[in-house]
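I opened the model today to look up a few positions and one helix pair. My notes follow in the order I took them.

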Amino acid sequence: MPLLSFVIPCYRSAQTIGAVVDALESTLARRAGEYSHEIILVNDGSPDDTAQVLRELCRQNPHVVFVNLSRNFGQHSAIMAGFHQVRGDIVICLDDDGQTPPEECFKLIDKVEEGYDIVFAEYPKRRQSLLRRLGSRFNAACNHFFFSQPKELSVNSYYACRRFVVDSALRYPNPFPYVTGLLFQSVSRYANVPVNHRPRSVGESGYSLKKLIALWANGVTAFSIKPLRLASYLGWLTALVGFVCAMVTIIQKLLNPSMPAGWASTISVLLVLGGAIIALIGIVGEYIGRIYLSINRYPQFVVRDVVRGDGEPLPLSAKEAQGVENDARSLGA
């Protein structure tokens, strides 16, 4: 019987995750004879009592796996921590706040069974703030430009994929993973299915403007060298503009020797050139900083403990222990 692995990163979700798990179990019970399942809940260093709630869910439900991270590493790192625990043939990722309806998970799963590598939910109407909607559109445009994401494909945090896609993503050992870029490295068959996007029932999104910008910068610099190429083009363009301005100034001075030196124009040129140089150095510095962190084995995530089934931390199997040990060694844990 095929095994389904559900991965749910959790942050400040003490009031919502129970309902999500209940909805998942009710939905899966309708097709219990077709699939077995596991639900991997990753506590991403939540400051509230999310960890206690997840541990209690683990005691009550033998299908639940609780992964407890040592601190907050971010949604994508939490997903990667969950990926390290999956054992299923099909992996489904969804949110902890109920906005991605668990009741519609088989829309994604059945589409994967048709022969697709990865299937994303597509929301006819997003229940998000204006900032999040604008951020999603901007992120989609960047994914298309930097990762060659098809324009017709809508990418969201609710998706189902085959196990080999996850295994391919797990080869990435460096800090600051960007799951979308990792998943697209190994797929050639993808699709969307329409799914209702629910309004948030409790709390608000954990993504501030600062976090959205950091996530975008992480994805752009982690899996594409196009920013460096753009920086090179911008540098040459700025140099060309500066050369043209200099030639114009020289010609004007030759034609009109009495023309006073242009202090304002000189400062303007210096500001343009200086600003371009600083911007280019900043882009290069972002890449060098990530190289530095990778060399120093900055942790992608650190697992405090893993609980399977009965609510008590269990000794990891030899394979799992070796995998965690290798991850920790390569990531500086």
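I began with Ala 246, which I found in helix H9, residues 226-255. I should record at once that this is a predicted model. Is Ala 246 buried or exposed? I read a relative accessible area of 35% for Ala 246, so I entered it as partly exposed. I then took the C-alpha to C-alpha distance from Ala 246 to Thr 266 and got 9.4 Å, for two residues 20 apart in sequence.

I stayed in helix H9 for Val 241. Its relative accessibility is 43%, and therefore Val 241 also went down as partly exposed, the class lying between under 20% for buried and over 50% for exposed. Its C-alpha is 9.3 Å from that of Leu 273, and 32 residues separate Val 241 and Leu 273 in sequence.

Next I checked backbone angles. I kept in mind that most residues other than glycine have a negative phi. Arg 12, not a glycine, has a positive phi of about 55 degrees. Where does Arg 12 sit? I located Arg 12 in the loop between strand S1 (3-10) and H1. I noted 54% relative accessibility for Arg 12, which means that it counts as exposed, the cut-off being over 50%.

Phe 176 was another entry under positive phi, with a value near 55 degrees in a residue other than glycine. I traced Phe 176 to the loop between helix H6 (163-169) and helix H7 (179-184). With a relative accessible area of 34%, Phe 176 is partly exposed.

I moved on to the packing of helix H1 (residues 17-29) with helix H2 (residues 50-60). Their axes are 10 Å apart and the angle of packing is about 25 degrees. H1 is thus roughly parallel to H2, because angles under 35 degrees count that way. I logged the crossing of H1 and H2 as right-handed.

Which residues meet between H1 and H2? From H1 I listed Ile 17, Gly 18 and Val 21, and from H2 I listed Val 53, Leu 54 and Leu 57. Sorted by class, this contact of H1 with H2 has 5 nonpolar residues, 1 polar residue and no charged ones.

For burial within a single helix I looked at H3, residues 75-83. I found 8 of its 9 residues buried, so I described H3 as mostly covered. The buried residues I wrote down for H3 are His 76, Ser 77, Ala 78, Ile 79, Met 80, Ala 81, Gly 82 and Phe 83.

I left the chain as a whole for the end. The chain has 333 residues, of which 43% count as buried. I counted 11 helices and 8 strands in it. I also looked at contacts between residues at least 6 apart in sequence, and 85% of these join residues at least 24 apart.

Last, I checked confidence. The mean pLDDT of the chain is 79, and 74% of the residues reach 70 or more. Over residues 316-333 I found the pLDDT below 50. That stretch still has 19 contacts in the model beyond near neighbours in sequence.

How values were computed:
Residues numbered from 1 in each chain as written. Predicted model: local features only at pLDDT ≥ 70, side-chain atom pairs only at ≥ 80, totals over all residues. Heavy atoms only, no water. pLDDT = per-residue confidence, 0-100. Contact = heavy atoms within 4.5 Å. Axes fitted to C-alpha atoms, helices over the stretch in contact; angles between N-to-C directions. Helix = DSSP H or I, 4+ residues; strand = E, 2+ residues; numbered from the N terminus. Parallel < 35°, antiparallel > 145°, perpendicular 65-115°, else oblique. Left-handed = near helix turned anticlockwise from the far one by under 90°. Nonpolar A, V, L, I, M, F, W, Y, C, P; charged D, E, K, R; others polar. Buried < 20%, exposed > 50% of the residue type's maximum accessible area, 1.4 Å probe, protein only.
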